[in-house]
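Biologist: Could you take me through one small part of this model up close? I'm new to this, so please spell out the terms as you go.

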Amino acid sequence: RTNIDIAEKHLGGRFGFYRPPGGFFLWLDVGNGIEATKKLWTEAAIRVLPGEYLSVTDETGFNPGAQYIRVALVFDSEMMEEALSRMANVL
């Protein structure tokens, strides 16, 4: 809960953020998950996973995860505070 609180502080009202009922992942709508992933890695030293890598492209070429990134809230609260602050500033 602490890390979700931190995420809400930095990302609430942006990227389709909502408090999940459980778990430790966020799915954020960033428009282009692959580009956002590259930007976060190069400009903020943050690793996330493009949603496109976790979903299946259908026969028309549509991938429902393409506009998302998946963020794992798995570190201690101090590190999450720093990383989510940087994420909010870069995106």
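Modeller: Sure, let's start with a polar contact of 3.1 Å that links the side chains of N63 and T57. "Polar contact" here means a pair of N or O atoms within 3.5 Å; within protein, one must be able to donate a hydrogen and the other to accept it, and residues adjacent in sequence count only if both atoms are side-chain atoms. Quick background: this is a predicted model, where local features need pLDDT of at least 70 and side-chain atom pairs count only at pLDDT 80 or more, while totals for chains, interfaces and linings use all residues. Residues are numbered from 1 along each chain as its sequence is written, and side-chain values use heavy atoms, with hydrogens and water left out.

Back to N63: its side chain also makes a polar contact with the side chain of S55, at 2.4 Å. If you skip neighbours within four places in sequence, N63 is in contact (heavy atoms within 4.5 Å) with E52, S55, V56 and T57. N63 has a relative accessible area of 7%, so it counts as buried (under 20%, using a 1.4 Å probe and protein chains only).

Where does N63 sit? You'll find N63 in the loop between β2 (49-50) and β3; strands are DSSP runs of E, at least two residues, numbered from the N terminus. Those two strands, β2 and β3, pair in the antiparallel sense over two bridges, and pairing needs at least two bridges found by DSSP. For instance, P50 has I69 in β3 as its bridge partner.

Zooming out, the open sheet has three strands in the order β1-β3-β2, with antiparallel pairing. β1 (25-29) and β2 are at the edges with a single partner strand each, so one side of each has no neighbour in the sheet.

Note on methods: Helix = DSSP H or I, 4+ residues; strand = E, 2+ residues; numbered from the N terminus. Buried < 20%, exposed > 50% of the residue type's maximum accessible area, 1.4 Å probe, protein only.
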